[in-house]
Amino acid sequence: MTAQITAAQFHAADGVEDWRSLYHLVSAYFPTGSLTEGIALVDEIGRLTDEAQQQHLTVDLRATGVTVSLTRRDISLAQLISGVAKELGIPADPTAVQLINVTLDALAGADVLPFWRALLGYRQIGDDYLADPARRGPGFGLQPMDAARPQRNRLHLDIAVPHDQAEARIAAALAAGGHLVSDAHAPKWWVLADAESNEACVATWLGRE
C-alpha cells in the first residue's frame with residue numbers, strides 16, 4: 001500500500017486549490033444551483049473514477065451543493081474531480097468545508113472505548129478513535145487524562161476547519177460571546193469556551209506533521 005502523503009505535500013501540488021485538509025481527510029465543496037446540477041457532478045465523478053478510487057471517496061449530495069471528501073490525500077483524484085466541476089461550470093468554495101469530532105477525556109481509554117463503539121455502531125481506528133462506517137456521523141475520539149478533573153468538562157467538540165479560515169472562525173466565535181482558553185498549541189488547535197465555560201477546539205492540519 002502506498003504511504004499516505006502529508007497535508008503539506010498535498011497542498012504544495014498544483015491543481016488542488018479547491019481542497020482543504022481536515023485531519024485525515026481532504027475535502028472540497030461545490031455549491032450548485034439545483035439538485036439536478038449536483039447530480040450531474042456526482043454522475044461525472046462516478047463515471048470517471050474506478051472502483052479502487054471510489055473506496056476512498058465520500059460524496060454528500062444536497063440541493064445546495066456537493067461535498068466531496070477523500071480518505072487518502074490523492075492529488076490526481078482531487079485534480080480529476082476539480083476538473084470535472086470546472087467543465088460543468090461549478091466553482092468550489094474552499095471556505096465551506098469542516099470536520100467535527102466529539103472528544104471525550106478519559107483516564108482509561110481501553111476500558112471505555114468498547115462501550116462507545118457498541119453504542120454508536122462505529123468501527124475502531126487505532127487505540128483511541130471511532131469512525132462511522134457509513135461516513136455520516138462525526139468521529140469520536142478519546143483524549144487521555146493524567147488525573148481526574150471532576151470540575152472540568154470532559155466532553156467537547158473538535159472542529160477541523162481549513163487552515164486559512166481558522167482565524168476568521170475563531171474571531172466569529174469570540175464576537176458571539178466566547179472566550180479564548182488557550183492558544184498554546186496554535187495553529188494545531190485553539191481552545192475556546194462559551195460564556196458558561198463549555199469548551200471546544202478549533203483545529204487545522206498545521207503543526208501535525
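This is a short selection-by-selection tour of a predicted model.

**Stop 1: the loop after E7**

Select aspartate 132. This residue sits in the loop between strand E7 (129-131) and strand E8 (139-144). Is aspartate 132 buried or exposed? With a relative accessible area of 11%, aspartate 132 is buried, because the cut-off for that class is under 20%.

Now show the backbone nitrogens around the side chain of aspartate 132. The nitrogen of glycine 137 lies 2.7 Å from a polar atom of that side chain. The nitrogen of alanine 134 lies 2.9 Å from a polar atom of the aspartate 132 side chain. Add Tyr122 to the selection. Aspartate 132 touches Tyr122 and Gly137, leaving out residues up to four places away in sequence.

Next, pick arginine 136. Arginine 136 forms a salt bridge with aspartate 132, and the closest N and O atoms are 3.8 Å apart. The two partners differ in burial: arginine 136 is exposed, at 72% relative accessible area, whereas aspartate 132 is buried, at 11%.

Stay in this loop and click arginine 135, which also lies between E7 and E8. Check the backbone here. Arginine 135 has a positive phi of about 60°, although it is not a glycine. Most residues other than glycine have a negative phi. Arginine 135 is partly exposed, with a relative accessible area of 36%.

**Stop 2: another positive phi**

Jump to tyrosine 23, in the loop between strand E1 (20-22) and strand E2 (25-31). Tyrosine 23 is not a glycine, yet its phi is positive, at about 55°. Tyrosine 23 is buried, with a relative accessible area of 17%.

**Stop 3: helix H2 and strand E3**

Switch to a surface view. Select Leu35, Ile39, Val59 and Leu61. These residues form a nonpolar patch on the surface, with about 290 Å² of accessible area together. Which elements supply the patch? Helix H2 (35-48) and strand E3 (57-62) each contribute at least two of its residues. Isoleucine 39 belongs to helix H2. At 46% relative accessibility, isoleucine 39 counts as partly exposed.

Keep H2 on screen and turn to charged side chains. Side chains of opposite charge can pair when their charged atoms come close. Select glutamate 44 and arginine 47. They form a salt bridge, with the closest N and O atoms 2.8 Å apart. What separates glutamate 44 and arginine 47 along helix H2? They are three residues apart, which means a separation of about one helical turn. Glutamate 44 is buried, with a relative accessible area of 18%. Arginine 47 is exposed, at 56%.

Now select aspartate 60 and arginine 62. Their side chains meet in a salt bridge, 2.7 Å from N to O. Arginine 62 counts as exposed at 51% relative accessibility. Aspartate 60 is partly exposed, at 30%. How many salt bridges are there? The count comes to four.

**Stop 4: strands E10, E11 and E12**

Select strand E11 (residues 189-193). Four of its five residues are buried, so E11 is largely enclosed by the rest of the structure.

Add strand E10 (residues 179-182). E10 and E11 run antiparallel and are joined by three bridges. Leucine 180 stands opposite leucine 192 in E11. A hairpin of six intervening residues links E10 to E11. Proline 187 lies in that loop. Inspect the bond before it: the peptide bond from alanine 186 to proline 187 is cis, with omega near 5°. Most peptide bonds are trans.

Now bring in strand E12 (residues 199-203). E11 and E12 pair in the antiparallel sense over five bridges. Tryptophan 189 has alanine 203 in E12 as its bridge partner. These two strands also form a hairpin, with five residues between them. Click serine 197 in the turn, where phi is positive, at about 70°.

**Stop 5: glycine 178**

Finish at glycine 178, in the loop between helix H6 (166-175) and E10. Glycine 178 counts as partly exposed, at 21% relative accessibility. What does glycine 178 contact beyond its neighbours within four places in sequence? The answer is Ala173, Ala193 and Asp194. As a last step, draw a distance to asparagine 198. The C-alpha atoms of glycine 178 and asparagine 198 are separated by 9.5 Å, with the residues 20 apart along the chain.

How values were computed: Residues numbered from 1 in each chain as written. Predicted model: local features only at pLDDT ≥ 70, side-chain atom pairs only at ≥ 80, totals over all residues. Heavy atoms only, no water. Buried < 20%, exposed > 50% of the residue type's maximum accessible area, 1.4 Å probe, protein only. Polar contact = N/O pair within 3.5 Å; in protein donor to acceptor, adjacent residues only side chain to side chain. Contact = heavy atoms within 4.5 Å. Patch = residues over 30% accessible without salt bridge, like charges linked within 9 Å, V, L, I, M, F, W, Y side chains within 5 Å. Areas by Shrake-Rupley, 256 points an atom, 1.4 Å probe, with all protein chains shown as cover. Pairing = 2+ DSSP bridges.
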